[in-house]
4 protein chains.
Amino acid sequence: MVFSLDAKSGVPFYRQIIEQVKFAVARGDLKPGDQLPTVRQLAVDISINPNTVIRAYRELELEGLLETQQGSGTYVSEKQPEIDAVERQRMLDQIVTELLARASGYGFTLDDVLDGVRQRKEESS
Amino acid sequence: MVFSLDAKSGVPFYRQIIEQVKFAVARGDLKPGDQLPTVRQLAVDISINPNTVIRAYRELELEGLLETQQGSGTYVSEKQPEIDAVERQRMLDQIVTELLARASGYGFTLDDVLDGVRQRKEESS
Amino acid sequence: MVFSLDAKSGVPFYRQIIEQVKFAVARGDLKPGDQLPTVRQLAVDISINPNTVIRAYRELELEGLLETQQGSGTYVSEKQPEIDAVERQRMLDQIVTELLARASGYGFTLDDVLDGVRQRKEESS
Amino acid sequence: MVFSLDAKSGVPFYRQIIEQVKFAVARGDLKPGDQLPTVRQLAVDISINPNTVIRAYRELELEGLLETQQGSGTYVSEKQPEIDAVERQRMLDQIVTELLARASGYGFTLDDVLDGVRQRKEESS
DNA sequence: GTGGTCTAGACCACC
DNA sequence: GTGGTCTAGACCACG
């Protein structure tokens, strides 16, 4: 799995790592039992402070997505946490709300955003 | 114009004010020449420190959206800064990218997001 | 004498008035004994607060450039204050220093400014 | 890079810092990628409140001159914002206009100013 | 009355 | 360690 960070995005590094891991798991690129890069290795690979990697892994572990085996490494949990459907929907709502608010601040309408997302879909298909 | 802050959102107060002003201008609720609430008045209204309001107004002034006349008040600029079409598109791209990145982190597909936004559209119509 | 204010310049109104009066006297447009517009008249003419006019006139009176005769009006002093040559030079130095500093902040060289001033000279001749 | 403040000038501290940074970048004393003094360090060095330094750095960041990396420090942007040539000329015009206006207020002619600036040039050469 | 600047100090987020 | 946000309150400048 390949990680990449964007320092200019304003999104903190540890969040970018978290999202990339979640994305990889959601896509199936990372399967239960798969090992993740070691903290030190990943830190070197993407040129960041090991503490930042630790923080990302720890949060993912707290969520139940990862498991660390002392001395062995960090792995994708065998039992992926089931997210309550209601909770899940609320999550999406929250994300959509925030981004729409930001978009409207720049004068974009809901349709503008809708078109933007549709366009991505075409590009990816 | 009505302002409201959400202390739990994690979004800094001054950013919330900035976005609400931008939104109001984009919607036409605030027109060029209109006076904004005075710093002290708004501070009292939404129960925050005047310095925080000043900061929000100041950033909007630096962007060219507002103008302040010492001793008189703060107004919406007569000449709203024109946003370059290319710049605008890049802005939308960035917003959509973040929207999708955040959503995918929770396992949502592009279609899930599309549905989420569509749903908003129906609600608002 | 015609006054005009530029609200966008950032220079406070009372300073703009002061400089315009000084300029008019320096040019000879206003001679010793000449009456200036009354405070109220000028305030109406240029659409500002009378207090602002009062402030400008008062500072000019303190410098000895104007004299107010209660109930009669404000006049250019018969005896224009002589500014010490050294003081005068220091004044110019200070003005030049500040503006050059600001110009350099935008990457302009001393020659750029020099050219800018020369250009004005040609335009005015 | 050495900073120095003049409390008597009437120019706000944060503006003085901004102009000194711009000047240093324009001169090449600060190059893209260079780190600036930390907020706290600079605050101690020039004996002002850290908030004032933050404010200066922040405005420079909004202009695109600096970039801050949370937890790491503040750096000169790799891509310095390009100033539109027209915009640049307007800026110079504005500076020259103010220079002449202020000078004429003290009875200096355009030639006096020209001499004053020329003199600076000789001194600096 | 209006906005602007600065300080002091608390608390937070990130690396 | 780094920068960021917010508060409280003083003092100033402008109209």
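Colleague: What makes the approach of B:Val39 to a phosphate oxygen of DNA strand E a polar contact?

Modeller: In this predicted model, a backbone N or O atom of B:Val39 sits 3.0 Å from that phosphate oxygen. A polar contact is a pair of N or O atoms within 3.5 Å (within protein, one must be able to donate a hydrogen and the other to accept it, and residues adjacent in sequence count only if both atoms are side-chain atoms), so the pair qualifies. Local features need pLDDT of at least 70, side-chain atom pairs count only at pLDDT 80 or more, and totals for chains, interfaces and linings use all residues. Side-chain values use heavy atoms, without hydrogens and water.

Colleague: Which atom of DNA strand E does the side chain of B:Arg40 reach?

Modeller: A base nitrogen, 2.7 Å from a polar side-chain atom of B:Arg40. For D:Thr52, a polar side-chain atom lies 2.9 Å from a phosphate oxygen of the strand.

Colleague: How do you know which residues are near DNA strand E?

Modeller: Near means that a heavy atom of the residue lies within 4 Å of the strand. That gives 27 residues, with B:Arg40, D:Phe13, D:Asn51, D:Arg55 and D:Gln70 the closest. Sugar and phosphate make up 68% of the strand atoms that come within 4 Å of the protein.

Colleague: Why is the pairing of D:Glu59 with B:Arg58 called a salt bridge?

Modeller: The rule wants a side-chain nitrogen of Lys or Arg within 4 Å of a carboxyl oxygen of Asp or Glu. Here the N to O distance is 2.6 Å, so the pair passes. Across the interface of chain D and chain B, the rule finds 2 salt bridges.

How values were computed
Residues are numbered from 1 along each chain as its sequence is written. Chains are lettered from A and ligands numbered from 1 in the order in which they are written.
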